[in-house]
Amino acid sequence: DEYKKLTENELNENAKNANPWKKIKNNVNSITSANKDYIWATGSNDNIYKCDQPCDDEKWKRVGGGLKQVSTDDTEVWGVNSSDYIYKKNVDNSNGWTNIGGRLKNVSASGSKIWGVNNNDQIYNCSKPCNGGWVNKSGRLSQVSADNEYVWGVNSNNNIYRTDVYG
(Lines give C-alpha, C1' and ligand atoms only; values in the text may rest on other atoms or scores of the structure.)
Protein backbone atom coordinates (compact mmCIF):
# COMPACT_ATOMS: atom_id res chain seq x y z
CA ASP A 1 0.00 0.00 0.00
CA GLU A 2 2.79 2.45 0.91
CA TYR A 3 4.67 1.47 -2.28
CA LYS A 4 1.58 2.13 -4.40
CA LYS A 5 1.13 5.54 -2.78
CA LEU A 6 4.79 6.46 -3.42
CA THR A 7 4.59 5.25 -7.01
CA GLU A 8 1.41 7.27 -7.67
CA ASN A 9 3.00 10.38 -6.14
CA GLU A 10 6.09 9.89 -8.28
CA LEU A 11 4.01 9.41 -11.42
CA ASN A 12 1.96 12.51 -10.64
CA GLU A 13 5.14 14.53 -10.04
CA ASN A 14 6.69 13.27 -13.28
CA ALA A 15 3.51 14.09 -15.19
CA LYS A 16 3.58 17.66 -13.84
CA ASN A 17 7.24 18.03 -14.80
CA ALA A 18 6.69 16.58 -18.27
CA ASN A 19 4.42 19.46 -19.28
CA PRO A 20 4.54 22.34 -16.78
CA TRP A 21 2.85 24.75 -19.22
CA LYS A 22 -0.74 25.67 -18.47
CA LYS A 23 -2.91 27.20 -21.17
CA ILE A 24 -4.23 30.54 -19.93
CA LYS A 25 -5.54 32.63 -22.85
CA ASN A 26 -6.40 32.10 -26.53
CA ASN A 27 -5.80 34.40 -29.50
CA VAL A 28 -2.74 36.24 -28.16
CA ASN A 29 0.21 37.17 -30.37
CA SER A 30 2.33 39.36 -28.06
CA ILE A 31 2.82 39.10 -24.30
CA THR A 32 4.97 40.93 -21.74
CA SER A 33 5.53 40.28 -18.05
CA ALA A 34 8.38 42.54 -16.89
CA ASN A 35 6.25 43.94 -14.07
CA LYS A 36 5.58 41.71 -11.04
CA ASP A 37 1.96 42.88 -10.71
CA TYR A 38 0.62 42.80 -14.28
CA ILE A 39 0.74 40.83 -17.52
CA TRP A 40 -0.14 42.62 -20.76
CA ALA A 41 -0.88 41.03 -24.13
CA THR A 42 -2.16 41.80 -27.60
CA GLY A 43 -4.32 39.56 -29.71
CA SER A 44 -6.30 39.29 -32.90
CA ASN A 45 -7.64 42.57 -34.32
CA ASP A 46 -5.00 44.37 -32.20
CA ASN A 47 -7.04 43.82 -29.03
CA ILE A 48 -5.18 44.69 -25.82
CA TYR A 49 -5.48 42.71 -22.58
CA LYS A 50 -4.23 43.15 -19.00
CA CYS A 51 -4.19 40.57 -16.24
CA ASP A 52 -3.51 41.24 -12.55
CA GLN A 53 -1.14 38.80 -10.87
CA PRO A 54 -1.62 36.03 -9.96
CA CYS A 55 -2.99 35.70 -13.46
CA ASP A 56 -5.43 33.04 -14.60
CA ASP A 57 -7.93 32.80 -17.45
CA GLU A 58 -10.76 34.61 -15.62
CA LYS A 59 -8.64 37.68 -14.75
CA TRP A 60 -7.89 38.88 -18.28
CA LYS A 61 -9.59 42.21 -19.03
CA ARG A 62 -9.83 43.96 -22.37
CA VAL A 63 -8.19 47.40 -22.44
CA GLY A 64 -9.32 50.12 -24.81
CA GLY A 65 -7.22 50.90 -27.86
CA GLY A 66 -5.54 48.77 -30.48
CA LEU A 67 -1.90 47.60 -30.52
CA LYS A 68 -0.02 44.85 -32.35
CA GLN A 69 2.78 44.56 -29.74
CA VAL A 70 3.36 45.59 -26.12
CA SER A 71 6.24 45.79 -23.63
CA THR A 72 6.23 46.68 -19.94
CA ASP A 73 8.68 47.83 -17.34
CA ASP A 74 8.01 48.58 -13.66
CA THR A 75 5.93 51.70 -14.34
CA GLU A 76 4.74 51.83 -17.96
CA VAL A 77 3.36 49.72 -20.77
CA TRP A 78 4.51 50.67 -24.26
CA GLY A 79 3.06 49.51 -27.54
CA VAL A 80 2.89 50.01 -31.27
CA ASN A 81 -0.19 49.81 -33.44
CA SER A 82 -0.65 48.41 -36.96
CA SER A 83 0.46 51.75 -38.45
CA ASP A 84 3.61 51.70 -36.24
CA TYR A 85 2.48 54.63 -34.08
CA ILE A 86 3.87 54.47 -30.54
CA TYR A 87 1.81 54.67 -27.34
CA LYS A 88 2.41 54.43 -23.61
CA LYS A 89 0.38 54.42 -20.40
CA ASN A 90 0.80 53.53 -16.73
CA VAL A 91 1.34 49.80 -16.28
CA ASP A 92 -1.57 49.65 -13.81
CA ASN A 93 -3.92 51.05 -16.51
CA SER A 94 -4.73 54.12 -14.38
CA ASN A 95 -4.53 56.61 -17.26
CA GLY A 96 -5.22 56.85 -20.98
CA TRP A 97 -2.89 56.08 -23.87
CA THR A 98 -0.41 58.83 -24.80
CA ASN A 99 0.84 58.99 -28.37
CA ILE A 100 4.61 59.35 -28.52
CA GLY A 101 6.19 60.91 -31.61
CA GLY A 102 7.92 58.66 -34.11
CA ARG A 103 7.06 55.31 -35.66
CA LEU A 104 8.36 51.88 -34.67
CA LYS A 105 7.37 48.34 -35.62
CA ASN A 106 8.69 46.92 -32.33
CA VAL A 107 9.23 48.54 -28.93
CA SER A 108 10.81 47.37 -25.67
CA ALA A 109 10.69 49.10 -22.28
CA SER A 110 13.57 48.86 -19.83
CA GLY A 111 14.21 50.61 -16.56
CA SER A 112 16.00 53.65 -18.01
CA LYS A 113 15.33 53.67 -21.75
CA ILE A 114 12.78 52.67 -24.33
CA TRP A 115 14.22 50.82 -27.32
CA GLY A 116 12.67 50.13 -30.70
CA VAL A 117 13.17 49.43 -34.38
CA ASN A 118 11.38 50.87 -37.38
CA ASN A 119 10.30 49.33 -40.70
CA ASN A 120 13.81 49.88 -42.10
CA ASP A 121 15.30 47.95 -39.15
CA GLN A 122 16.90 51.14 -37.82
CA ILE A 123 17.46 51.05 -34.06
CA TYR A 124 16.34 53.83 -31.72
CA ASN A 125 16.31 54.53 -28.01
CA CYS A 126 14.78 57.24 -25.86
CA SER A 127 15.71 58.09 -22.27
CA LYS A 128 12.89 57.98 -19.73
CA PRO A 129 10.70 59.87 -19.31
CA CYS A 130 10.47 59.40 -23.07
CA ASN A 131 8.25 61.82 -24.94
CA GLY A 132 9.59 61.23 -28.44
CA GLY A 133 13.28 62.23 -28.26
CA TRP A 134 14.41 59.14 -30.21
CA VAL A 135 18.14 58.72 -30.83
CA ASN A 136 19.22 56.65 -33.85
CA LYS A 137 21.76 53.95 -32.94
CA SER A 138 24.17 52.13 -35.22
CA GLY A 139 23.29 48.77 -36.72
CA ARG A 140 20.15 47.15 -38.09
CA LEU A 141 17.78 44.88 -36.17
CA SER A 142 14.30 43.60 -36.89
CA GLN A 143 13.32 43.13 -33.22
CA VAL A 144 14.67 44.20 -29.81
CA SER A 145 14.11 43.25 -26.17
CA ALA A 146 15.59 45.30 -23.34
CA ASP A 147 16.02 44.65 -19.64
CA ASN A 148 17.77 46.74 -16.98
CA GLU A 149 21.22 45.62 -18.14
CA TYR A 150 21.20 44.68 -21.83
CA VAL A 151 19.37 45.17 -25.09
CA TRP A 152 19.02 42.02 -27.15
CA GLY A 153 18.21 42.10 -30.83
CA VAL A 154 17.61 39.88 -33.84
CA ASN A 155 18.57 40.96 -37.33
CA SER A 156 17.06 40.03 -40.69
CA ASN A 157 19.51 37.06 -40.94
CA ASN A 158 18.17 35.72 -37.62
CA ASN A 159 21.41 36.48 -35.76
CA ILE A 160 21.25 37.59 -32.13
CA TYR A 161 23.10 40.69 -30.93
CA ARG A 162 23.50 42.32 -27.52
CA THR A 163 24.57 45.72 -26.25
CA ASP A 164 24.61 47.58 -22.95
CA VAL A 165 21.21 49.13 -22.18
CA TYR A 166 22.84 52.57 -21.85
CA GLY A 167 24.36 52.26 -25.35
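Buried means under 20% relative accessible area, exposed means over 50%, and partly exposed lies in between (1.4 Å probe, protein chains only). The model is predicted, so local features need pLDDT of at least 70 and side-chain atom pairs count only at pLDDT 80 or more, while totals for chains, interfaces and linings use all residues. Residues are numbered from 1 along each chain as its sequence is written, and side-chain values use heavy atoms, with hydrogens and water left out.

**Exercise 1. The chain as a whole**

Task: State how many helices and strands the protein chain has, and give its share of buried residues.

Solution.
- Step 1. Helices (H or I, at least four residues) and strands (E, at least two) are DSSP runs numbered from the N terminus. The protein chain has 1 helix and 15 strands.
- Step 2. Of the 167 residues in the protein chain, 37% are buried.
- Step 3. The exposed surface of the protein chain is about 10000 Å², and carbon and sulfur atoms supply 45% of it. Accessible areas come from the Shrake-Rupley method with a 1.4 Å probe; for residues, only the protein chains shown count as cover.
- Step 4. Contact means heavy atoms within 4.5 Å. Among contacts in the protein chain with a separation of 6 or more, 33% involve residues 24 or more positions apart.

**Exercise 2. Disulfides**

Task: Find the disulfides of the whole structure, and describe the pairing of the bonded cysteines in sequence order.

Solution.
- Step 1. The criterion is a pair of cysteine sulfur atoms within 2.5 Å. A disulfide is a covalent bond between the sulfur atoms of two cysteines.
- Step 2. A search of the whole structure gives 2 disulfides.
- Step 3. Cysteine 51 is bonded to cysteine 55, with the sulfur atoms 2.1 Å apart. This link is right-handed, with 110 degrees about the S-S bond.
- Step 4. Cysteine 51 counts as buried because its relative accessibility is 0%. Cysteine 55 has a relative accessible area of 21% and is therefore partly exposed.
- Step 5. Cysteine 126 is joined to cysteine 130, S to S 2.2 Å. The angle about the S-S bond is 105 degrees, and the link of cysteine 126 and cysteine 130 is right-handed.
- Step 6. Cysteine 126, at 2% relative accessibility, counts as buried. Cysteine 130, at 0%, also counts as buried.
- Step 7. With the bonded cysteines of the protein chain numbered in sequence order, the pairing is 1-2, 3-4.

**Exercise 3. Two open sheets**

Task: Give the strand order of the open sheet that contains E5 and of the open sheet that contains E9.

Solution.
- Step 1. Two strands pair if DSSP finds at least two bridges between them.
- Step 2. One open sheet of 4 strands has the order E5-E6-E7-E8, with antiparallel pairing. Strand E5 (69–72) and strand E8 (98–103) are at the edges with a single partner strand each, so one side of each is left without a neighbour in the sheet. Neighbouring strands of this sheet are turned by 25 degrees against each other on average, direction ignored. Axes are lines fitted to C-alpha atoms, for helices over the stretch in contact, and angles run from 0 to 180 degrees between N-to-C directions.
- Step 3. Strand E6 (residues 76–80) and strand E7 (residues 85–90) run antiparallel and are joined by 5 bridges. Valine 80 stands opposite isoleucine 86 in E7.
- Step 4. An open sheet of 4 strands, with antiparallel pairing, has the order E9-E10-E11-E12. Its edge strands are E9 and E12, each pairing on one side only. From one strand to the next, the twist averages 25 degrees.
- Step 5. Strand E11 (residues 122–127) runs antiparallel to E12, and 4 bridges join them. Tyrosine 124 has asparagine 136 in E12 as its bridge partner.

**Exercise 4. Two serines**

Task: Locate serine 108 and serine 142, then decide for serine 108 and serine 142 whether each is buried or partly exposed.

Solution.
- Step 1. Serine 108 lies in strand E9 (residues 106–109). Its relative accessibility is 4%, so serine 108 counts as buried.
- Step 2. The side chain of serine 108 reaches the backbone nitrogen of alanine 146 at 2.7 Å. Beyond its neighbours within four places in sequence, serine 108 is in contact with residues including Ser71, Trp115 and Val144.
- Step 3. Serine 142 is in the loop between strand E12 (135–140) and strand E13 (143–146). With a relative accessible area of 25%, serine 142 is partly exposed.
- Step 4. Serine 142 and valine 154 are 12 residues apart in sequence, and their C-alpha atoms are 5.8 Å apart in space. Outside the neighbours within four places in sequence, the contacts of serine 142 include Lys105, Asp121 and Val154.

Notes
Polar contact = N/O pair within 3.5 Å; in protein donor to acceptor, adjacent residues only side chain to side chain.
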